[in-house]
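Hi,

Here is the structure we talked about handing over. Please open it and keep it in view while you read.

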Amino acid sequence: MAIQTVGVVGCGLMGSGIAQIAAEAGYAVIVREVDAALLAKGRGKIESFLKKAVEKGKATQDQVTATLGRFTWTTELADLAKCDLVVEAILENMPAKQELWKFLDAKCPPHTIFSSNTSSLSIGDMAACTKRPQNFVGLHFFNPVPLMRLVEVVRTISTSDATYQAACEFGTKTGKTVVTAKDTPGFVVNLLLVPYLLDAIRAFEKGVASAKDIDNGMKLGCGHPMGPLELLDFVGLDTTLYIADIMSHEFKDIRYAAPPLLRRMVAAGMHGKKSGRGFYDYTAPAAAPAK
Ligand SMILES: NC(=O)c1ccc[n+]([C@@H]2O[C@H](COP(=O)([O-])OP(=O)(O)OC[C@H]3O[C@@H](n4cnc5c(N)ncnc54)[C@H](O)[C@@H]3O)[C@@H](O)[C@H]2O)c1
């Protein structure tokens, strides 16, 4: 059955981007957040991205009006019962995700495909709490979703060929290149990226160099578009801590262990760009190193 209506659960950093590219690709999109204020915040992010696209000449006003017309905004989870595909982008927490899937499994018709944007949790463990493991797949997009060209499609041992093909088709239709990965923590990209980011925090913690010099080192010495500490601020330090703890628990490998500084910063509410402060201070006119 062709996908026509896509549900996006969670309209934060990732959910807002996923909802946007799905609507731009022509799908009807139902977005769910936990309350009206967060829903308005996520909606505002999408509207402002699209407005800028018109200002930069990357989209016409007619295209943006059509895209915005494809959205339905809700705080009611039951409204997702009409969806052919649900993409989940809520916090990186297995009990929260499983609770959501159990609810939707009881509400959605049997053909609905369930997918998670999780960075590090097992897709199989989410699928196992539903009666449709064959319809379950990982769709791991990258931040910022409208600009990054990759999606990892994650197959579990239970994912059917039809579900896998439908997920690949959705990824391609939203303009992404598909990489297929097995259901192992971190898939391809985070398996390699997370130890590198944690090592950058350890280098900063040890006083090897300032935040700016660590970032400049990797940008100018290795040609990376962003330094690791800037990237951490962008990803979210809270999200990174969740991911590190999950991967560390799974692999029992010291490379994935969260440095104490990361834990202290998250406890202090320094979650990166989204909270105004991380390794850099975003409350100042131009982001300045926080230390
Ligand atoms: N941040 C990244 O760079 C990145 C990249 C790829 C994947 N991911 C994954 O995407 C997911 C979301 O991450 P994020 O960075 O967008 O987090 P975020 O904190 O920016 O957004 C999560 C949103 O989900 C909402 N939410 C929580 N429970 C909900 C529920 N039951 N129903 C609807 N909304 C709910 C929250 O209110 C919040 O707005 C996580 O699983 C994360 O691991 C993140």
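Below is what was found, starting with the sheet and ending with two backbone details.

One thing to keep in mind: this is a predicted model.

**The sheet**

Start with the strands. Eight of them form an open sheet. Trace them in this order: S3-S2-S1-S4-S5-S6-S7-S8. The pairing is mixed.

Which strands stand at the edges? They are S3 (71–74) and S8 (177–182). Each has a single partner strand, so one side of each is left without a neighbour in the sheet. The strands are also turned against each other: for neighbours the angle is 25° on average, direction ignored.

Now look at the S8 end. Strand S7 covers residues 150–155. S7 and S8 pair in the parallel sense, over six bridges. To find your place there, pick Glu152, which stands opposite Val179 in S8.

Next, find helix H1, residues 13–24. H1 packs on the sheet. It touches five strands: S1 (5–9), S2 (28–32), S3, S4 (85–88) and S6 (136–141). The direction of H1 makes about 165° with that of S2.

**The ligand**

How many residues surround the ligand? There are 23. The closest are Met14, Arg32, Glu33, Glu92 and Lys97. By class, the shell holds ten nonpolar, eight polar and five charged residues.

Three polar contacts are worth finding on screen:

- Arg32: an N or O atom of its side chain is 2.7 Å from a nitrogen atom of the ligand.
- Lys97: a polar side-chain atom lies 2.8 Å from an oxygen atom of the ligand.
- Asn117: a polar side-chain atom lies 3.0 Å from an oxygen atom of the ligand.

How much of the ligand does the protein bury? Taken alone, the ligand exposes 830 Å², and the protein buries 85% of that. Two elements give two or more residues to the shell: H1 and S6. You have met both already, since H1 touches S6 where it packs on the sheet.

**Two backbone details**

Go to the loop between S6 and S7, where Pro144 is found. The peptide bond from Asn143 to Pro144 is cis, with omega near -5°.

Then move to Phe187, in the loop between S8 and helix H7 (189–205). Phe187 is not a glycine, yet it has a positive phi of about 50°.

Best wishes

Notes:
Residues are numbered from 1 along each chain as its sequence is written. This is a predicted model: local features need pLDDT of at least 70, side-chain atom pairs count only at pLDDT 80 or more; totals for chains, interfaces and linings use all residues. Side-chain values use heavy atoms; hydrogens and water are left out. Two strands pair if DSSP finds at least two bridges between them. Helices (H or I, at least four residues) and strands (E, at least two) are DSSP runs, numbered from the N terminus. Axes are lines fitted to C-alpha atoms, for helices over the stretch in contact, and angles run from 0 to 180 degrees between N-to-C directions. Contact means heavy atoms within 4.5 Å. A residue is near a molecule or strand if one of its heavy atoms lies within 4 Å of it. A polar contact is a pair of N or O atoms within 3.5 Å; within protein, one must be able to donate a hydrogen and the other to accept it, and residues adjacent in sequence count only if both atoms are side-chain atoms. Accessible areas come from the Shrake-Rupley method with a 1.4 Å probe; for residues, only the protein chains shown count as cover. Ala, Val, Leu, Ile, Met, Phe, Trp, Tyr, Cys and Pro count as nonpolar, Asp, Glu, Lys and Arg as charged, and the others, Gly among them, as polar.
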